[in-house]
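Reader: Got a minute to go through a fold with me? I'd like to start with the strands.

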Amino acid sequence: MIITIASGKGGVGKTTTTASLAVALAKLGKKTLVIDGDLSMANLAILFNLDKKKPSLHEVLSGEADIREAIYKHKTGVYVVPTSLSLEGYKKAEIELLPEVLEEVGDEFDYILIDAPAGLNREMTVHLATADKLLLVVTPEMFSIVDASRLKESAESVGTPLLGIVLNRVGRDFGELGKEEIEMLIKGRVLVEVPEDRYVRDAALKKMTVIEYKKNAPASLAYLKLASLISGEP
Ligand code: ADP
Ligand code: MG
């Protein structure tokens, strides 16, 4: 199953969610591939400490490398296709090639998670159409919800249904929207609430996911729960 992890607004926790969910799925024995679909930022590659690896997704999408050459096995057991922080690489990458590239390896993995960029641009359109399901990441504030709701509609218009919503950074602010309000506004189910957790940032500074850094941190427990919900494994 291919899941695109997206949000309308930037900085809400897509990359954090993609990487942490992947590590949690791998712990449940699921063969999981993550794709750094934010081709100009390479944040996911940084969390897995693979941002300098070549070939990366850039070379795959420019036809210079085979997808299999760009899959790296991380020590957590997660397989990662990194992207690099090179403007030149970004320019030559043809995002439209992604569906056929993933088709080549799709049968070998239980889950393929695509970490999408913010907004509704050309890259996002491809990521939405490539996926079987959309996983939305939102923070409990109005603009994040409005943007996410639009994204859900775009996904549905290309035949990609919503898997659910990850409500992230809960407890950071006063006056946050509640889970029920959010479910009503987006017309989707909140699968998990991830609390604001300083261990997430501490882990990122060390180029690690929070689960590797501290497996019983509040955010780690939330991502482990999300992985069980999605995979149906206890
Ligand atoms: P996006 O990929 O949506 O732009 P990131 O995953 O890069 O967002 O997260 C943005 C910032 O917020 C990062 O510095 C990350 O460490 C921090 N962050 C994300 N989720 C949490 C959380 N639950 N608690 C604390 N900090 C978080
Ligand atoms: Mg990101």
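Reader: How do strand 3 and strand 4 run, and how many bridges join them?

Author: This is a predicted model. In it, strand 3 and strand 4 (residues 79–81) run antiparallel, joined by 2 bridges.

Reader: Which residue does Y72 stand opposite?

Author: V80, in strand 4.

Reader: And the sheet, what is its strand order?

Author: The order is 3-4-2-5-1-6-7-8, in an open sheet of 8 strands with mixed pairing. Strand 3 and strand 8 (190–195) are the edge strands, each pairing on one side only.

Reader: Now strand 6. Is strand 6 largely enclosed or not, and why?

Author: Strand 6 (residues 133–138) is largely enclosed by the rest of the structure, because 5 of its 6 residues are buried.

Reader: What about its pairing with strand 1 and strand 7, parallel or antiparallel?

Author: Strand 1 (residues 2–6) pairs with strand 6 in the parallel sense, over 4 bridges. Strand 7 (residues 162–170) also pairs with strand 6 in the parallel sense, over 5 bridges.

Reader: Where does L135 sit in that?

Author: L135 in strand 6 stands opposite I5, and L135 also stands opposite G164 in strand 7.

Reader: Different topic: charge. Which residues gather in the patch of negative charge on the surface?

Author: D66, E69, E100, E103, E104 and D107.

Reader: Where is E69 found?

Author: In the loop between helix 3 (57–61) and strand 3 (72–73).

Reader: Why does E69 count as partly exposed?

Author: Because its relative accessible area is 47%, and partly exposed covers values between the 20% limit for buried and the 50% limit for exposed.

How values were computed. Residues are numbered from 1 along each chain as its sequence is written. Chains are lettered from A and ligands numbered from 1 in the order in which they are written. This is a predicted model: local features need pLDDT of at least 70, side-chain atom pairs count only at pLDDT 80 or more; totals for chains, interfaces and linings use all residues. Side-chain values use heavy atoms; hydrogens and water are left out. Patches are made of residues with over 30% relative accessible area and no salt bridge: like charges are joined within 9 Å, nonpolar side chains (Val, Leu, Ile, Met, Phe, Trp, Tyr) within 5 Å. Accessible areas come from the Shrake-Rupley method with a 1.4 Å probe; for residues, only the protein chains shown count as cover. A salt bridge is a side-chain nitrogen of Lys or Arg within 4 Å of a carboxyl oxygen of Asp or Glu. Lys and Arg count as positive and Asp and Glu as negative; His and the chain ends are not counted. The place of a charge is taken as NZ of Lys, CZ of Arg, CG of Asp or CD of Glu. Buried means under 20% relative accessible area, exposed over 50%, partly exposed in between (1.4 Å probe, protein chains only). Two strands pair if DSSP finds at least two bridges between them.
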